[in-house]
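Thanks for sharing this one with me. Here are a few notes to read alongside the model, starting with a term we will need further down.

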Amino acid sequence: MRLTGEITEIDGEGKESQKELNSIPDPGSLSITLGFTQQVVVGYALTSKKKESFLQPKLECLARNKGILLIPIDVNRPLSEQGPFDVLLHKLLGKEWSQLLEDYGLKHPEVMILDPPYAIQHVHNRQSMLQDVAALSLTDCHGRVCVPKQLVIEKDPSSIPDEVTKSGLKLPLVAKPLFVDGSSKSHELFLAYDKSSLSNLEPPLVLQEFVNHGGVMFKVYVIGETIKVVRRFSLPDVCKRELSKHGGVFQFPRVSCAAASADNVDLDPVVAELPPQPLLERLVKELHHRLGLQLFNVDMIREHGTRDLFYVIDINYFPGYGKMPDYEHIFTDFLLGLMHRKRVS
């Protein structure tokens, strides 16, 4: 089967992938050249942006040294004519691509697809992605994890002020697009200070009560069973006095970029303290089970003035691991671990 429909953010990757494919010998001959008897063959289908950020020279070199072959997939050729693969790593969007992967997985159950399209779809909707966290009611001696109170608006923007009043949501409100489709627009972020201005927003969207959190967010990166947490600067706290002085809806840039790192900054220790590891391990274990994903990250905040009350505000599939310290070692060890468990089972 060939792809004839649209695939989001390919940006000419077909030609680029073909050039790469022409320069790479058959996987079997590579194992002889490199001296590995059991190499791990990873086919990847990534957007140009993801390839640039993820496939860093250090990762590619480390993978080669560990016997991991990273081979680009040509989306203009049938998958059945490529490989054979042990792992198929992907981050492309489009119904046709998802269907292609599902069909391929049924015909080749021996290939590990990271991650299954049906599981990824679950976190492309900001309503469904947080429902699993809310259903956990995760509370133990290490803290509590919940989600902000939220409201989904699917159509008429003029109805938003009345819907907010009915729902009992308190200002200020964070507004995000309902669907995550890989575009920059799907990551837009707005902060609304008054109800009347909400009608200026464009549905479908999610409205969340803003939780003061000291201006620091925790990005919890997950690769298999490995958890790595980094701090990022976030939206500043909003006091009642500020709320009474301001009105309107304000757009903010993405707050989780690498330039916004808060790991080497002198912060209030209460604000900077990372979530307890046992709490994160329990949360990630539950999300593994409920989401069916191996590669994701969770955006968490701690309510300002507390030590153990945390909110999950977003979940992302195959996030920007290039911003995660030592991701090259963690990811290659993860791939080797997958193959080891497969071969001994």
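1. A residue counts as buried when its relative accessible area is under 20%. Please also keep in mind that this is a predicted model.

2. With that cut-off in hand, take a look at R231, which sits in strand 12 (residues 226-233). Its relative accessible area is 18%, so R231 is buried.

3. What does the side chain of R231 reach at 2.6 Å? The partner is the backbone oxygen of A272. A272 is also among the residues that R231 touches, a list that includes V216, M217, F218, D263 and L274, with residues up to four places away in sequence left out.

4. Now to the sheet, which is open and has five strands in the order 7-10-8-9-13, paired in the antiparallel sense. Strand 7 (150-153) and strand 13 (249-252) are the edge strands; each has a single partner strand, so one side of each has no neighbour in the sheet. From one strand to the next, the twist averages 25 degrees.

5. At one of these edges, strand 13 pairs with strand 9 (residues 189-192) through four bridges, in the antiparallel sense. If you want a spot to check by eye, F190 has Q251 of strand 13 as its bridge partner.

6. Which helices pack on the sheet? Helix 7 (residues 126-136) does, touching strand 7, strand 8 (173-177) and strand 10 (205-209), and its direction makes about 155 degrees with that of strand 7. Helix 8 (residues 160-167) also packs there, touching strand 7, strand 8 and strand 10, at about 150 degrees to the direction of strand 7.

Conventions
Residues numbered from 1 in each chain as written. Predicted model: local features only at pLDDT ≥ 70, side-chain atom pairs only at ≥ 80, totals over all residues. Heavy atoms only, no water. Pairing = 2+ DSSP bridges. Helix = DSSP H or I, 4+ residues; strand = E, 2+ residues; numbered from the N terminus. Axes fitted to C-alpha atoms, helices over the stretch in contact; angles between N-to-C directions. Contact = heavy atoms within 4.5 Å. Buried < 20%, exposed > 50% of the residue type's maximum accessible area, 1.4 Å probe, protein only. Polar contact = N/O pair within 3.5 Å; in protein donor to acceptor, adjacent residues only side chain to side chain.
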